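Reader: Could you take me through the cysteines and the enclosed spaces of a protein model, one feature at a time?

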Protein chains: 2
Amino acid sequence: MSNPAPIGVFDSGIGGLTVVHEIMRQLPHESIVYFGDTARVPYGNKGPETVQRYSREIADFLESQGVKAIVIACNTATAHALPMLRAERALPVIGVVEPGARAAVAASRSGAIGVIGTLGTVKSGAYDRAIHALRPDARVAGQACPLFVPLVEEGWTDRAATRLVADEYLEPLVHEHVDTLVLGCTHYPLLKPLLHELLGPTVRLIDSAEETAAETARVLRDRGLEAPAGAVPVHRFFCSDEPSRFLALGQRFLGRAIDRVESHPLG
Amino acid sequence: MSNPAPIGVFDSGIGGLTVVHEIMRQLPHESIVYFGDTARVPYGNKGPETVQRYSREIADFLESQGVKAIVIACNTATAHALPMLRAERALPVIGVVEPGARAAVAASRSGAIGVIGTLGTVKSGAYDRAIHALRPDARVAGQACPLFVPLVEEGWTDRAATRLVADEYLEPLVHEHVDTLVLGCTHYPLLKPLLHELLGPTVRLIDSAEETAAETARVLRDRGLEAPAGAVPVHRFFCSDEPSRFLALGQRFLGRAIDRVESHPLG
């Protein structure tokens, strides 16, 4: 059994391309339709109902493109809208929080796990619940890092100012002696070198992109939705604002060139 | 002749409350309906067409509330959407760019004027045009400062990290020996003490809020739209995301307590 339809992937903007990068690497025959909601980005400090409304509109758009599964490549949208989309839709919906929590629990020796993310993700408690479901005695310390997204989008991933900001955000987590840190926002993998340097080699950094791609592979396999062997994939990129900024910044997140971005205004 | 209808004021979020503060001070009898587009904030790095679409929707909402004039209390929306709204609407539309340019030209001795703002405002060239229309030999140096808005929204108006960011942004303007700096974003007045300290006492900081309120007063007077003498003003605040964050942050921008914020989802 196989299915040549594309996988739909969405994010508030360009951060989800770090997840697309991993899906392309692990599932090279799968076609992808990506939607970045660049006209309404960021989601991180917006209310749950607003993020749910946006997520529903994007899922409708992806379904209209004939996708066979939806990957929510955005931590805030996963935290606020995953249960809703799963309840509403017939196709499989995969988020980034459960895979990230699984990888964190597997990596942690002490059970002291830090989670950094947007205000929305941290306040939602989604990671706490997902981690405790797997390891009830885990101690989870959450820290919202609202300045990280704009710093990464400016390309300031290794500046003195970014170091000062990171030092302040990480301080409570260092104090908690976490041995594992979940990068609970798809922008944060670009800060890995800086975070690694500040936290030292004993703290494992968990980037949920890899585990989310693995989960997507498992779901497609279990449901007989894999692309036919030898299929030539087609990758399409849409965004809700004009495509120029997406094109300019996207390649840094995707780790490869993007030829074309299509505009699909929403909101 | 007088008109008791409210003035409509809008911004991408809460920054426009610095303009509302000045309107309340200069026009204490005028009622105000404020709309902050917190579900889609920020506008600063979004494309002109997206910002025009949002501005049109908000103007429709304000007109549905019976306003007698519209103040665009957002530099990016003024830069992208003021000519369009003026052409489309029968009521007077006032922006922040012309008043800011006028104040800058009046303040500058040398004619070397710096403008800081969002990417959208600086790229639009709106301040350059407005300043050159008043003083053709002015030398205008624009600098986009995309990290200032998130830093102000986090309340980091006097941190070491903010100083480093400001130092880097201001360096080209210091190099140009500007004697006047337009704060071309309604969030920036909260950075005045830091900017003043970094630039020294010889550089005049122009906050367009005061001049925009004065322009609003002139327009209402010229068209016979002033509130009746002794009118008791009513101030209503709307936002497109949930009101909690608006309530929490808004008072810092308005400089007084906000009792109630109404939700009006858009987008």
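Reader: Why is Cys185(A) not bonded to the closest cysteine sulfur?

Author: A disulfide is a covalent bond between the sulfur atoms of two cysteines. Here it is counted when a pair of cysteine sulfur atoms lies within 2.5 Å. The sulfur of Cys185(A) is 7.3 Å from its closest cysteine sulfur, that of Cys74(A), which is too far for a bond, and in chain B the sulfur of Cys185(B) is likewise too far, at 7.3 Å from that of Cys74(B). Over all chains the count of disulfides is zero. This is a predicted model, in which local features need pLDDT of at least 70 and side-chain atom pairs count only at pLDDT 80 or more, while totals for chains, interfaces and linings use all residues. Side-chain values use heavy atoms, without hydrogens and water.

Reader: Is Cys185(A) buried or exposed?

Author: Buried means under 20% relative accessible area, exposed over 50%, and partly exposed in between, with a 1.4 Å probe and protein chains only. Cys185(A) has 7% relative accessibility and so counts as buried, as does Cys185(B) at 8%.

Reader: How many cavities of 30 Å³ or more does the structure hold?

Author: Rolling a probe the size of a water molecule over the atoms shows where empty space is left. A cavity is a set of points, on a 1 Å grid over the protein atoms alone, where a 1.4 Å probe fits but cannot get out, and lining residues have an atom within 4 Å of a point. The structure holds four cavities of 30 Å³ or more, and the largest has about 120 Å³ of space, a volume being the space filled by probe spheres set on the points. Its lining includes Glu153(A), Phe246(A) and Lys46(B).

Technical notes:
Residues numbered from 1 in each chain as written. Chains lettered and ligands numbered in written order. 1 Å grid on protein atoms, 1.4 Å probe; cavity = no way out; pocket = protein on both sides within 12 Å on 5 of 7 lines; lining within 4 Å.
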